[in-house]
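This report describes the fold of one protein, from its overall layout to a single residue. Please keep the sequence and the structure in view while reading.

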Amino acid sequence: MPAIHFFEEGITYKLKHKTALRQWISQTIQAEGFKLKELTYIFCSDSYLLQINQQYLNHDTYTDIITFDNSDMEKVIVGDIFISIERIRENAAKFSITETEELHRVIIHGALHLLGYKDKSPVTKQKMTQKEDFYMNKRDFNS
């Protein structure tokens, strides 16, 4: 049975619309021609995510998201996505959008990484942003 889990690590965070989020993420994965097996989102602090960034990616910088693809089969999604709630709040203020809007964008951004989308070059970043916008507009909930 496919599953999407939401956890907190070292913080307390009340995620709204879990059922709607699961459905939206699942529909995104299916629309891209993939099969969902298991996906875990872990909401955490900046310091927690920094430790992961240093330990696993050898990056000494803060980030809003780190995605780990744990699948051993093509077109099957198994992954862990770590999201810093502190970064979400800071970026929402910086971009003058709601925290929920920024969180949803980052949630779908992580799923898109597992679907093979990259964001390291200007061209791939533009394609990623277009996909984010497309799927953000597919939500039938937003607050």
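## Order of the elements

Helices, as runs of at least four residues, and strands, as runs of at least two, are assigned by DSSP and numbered from the N terminus. In this predicted model, the elements follow one another from the N terminus as β-α-β-α-β-β-α-α-α. The protein thus contains 5 helices and 4 strands.

## Overall form and surface

The radius of gyration of the protein is 14 Å, close to the 15 Å that the globule rule gives for 143 residues, so the protein is as compact as a globular protein of that length. Along the principal axes, the C-alpha trace spans about 35 × 35 × 35 Å.

Of the 143 residues, 42% count as buried. The accessible surface amounts to about 8400 Å², and carbon and sulfur atoms hold 48% of that area. The protein carries 18 positive and 20 negative charges, and the mean positions of these two sets lie 5 Å apart.

Among contacts with a separation of 6 or more, 64% are made by residues 24 or more positions apart.

## Helix α4

Helix α4 covers residues 99-114, which makes 16 residues. From its first C-alpha to its last, the helix reaches 23 Å, close to the 22 Å expected at 1.5 Å a residue.

Which residues of α4 are buried? They are E102, L103, H104, V106, I107, I108, H109, G110, A111, L112 and L114. The buried residues of this helix pack against three other helices and three strands: α1 (18-31), α3 (85-94), α5 (122-136), β2 (35-44), β3 (65-69) and β4 (76-84). After α4 comes G116, whose phi is positive, near 105 degrees.

## Residue I66 in strand β3

Strand β3, one of the partners of the buried residues of α4, includes I66. Is I66 buried or exposed? A residue counts as buried when its relative accessible area is under 20%. I66 has a relative accessibility of 5%, and therefore it counts as buried.

What does I66 contact beyond its neighbours within four places in sequence? Its contacts there are L49, I52, N53, L57, D80, I81 and F82. I66 can also be compared in position with G110, a buried residue of α4. The two residues are 44 residues apart along the chain, and their C-alpha atoms are separated by 7.5 Å.

Technical notes:
Residues numbered from 1 in each chain as written. Predicted model: local features only at pLDDT ≥ 70, side-chain atom pairs only at ≥ 80, totals over all residues. Heavy atoms only, no water. Rg over C-alpha atoms; globule rule 2.2 N^0.38 Å. Buried < 20%, exposed > 50% of the residue type's maximum accessible area, 1.4 Å probe, protein only. Contact = heavy atoms within 4.5 Å. Areas by Shrake-Rupley, 256 points an atom, 1.4 Å probe, with all protein chains shown as cover. Lys, Arg positive; Asp, Glu negative; His and termini not counted. Charge placed at Lys NZ, Arg CZ, Asp CG, Glu CD. Expected span 1.5 Å × (residues − 1).
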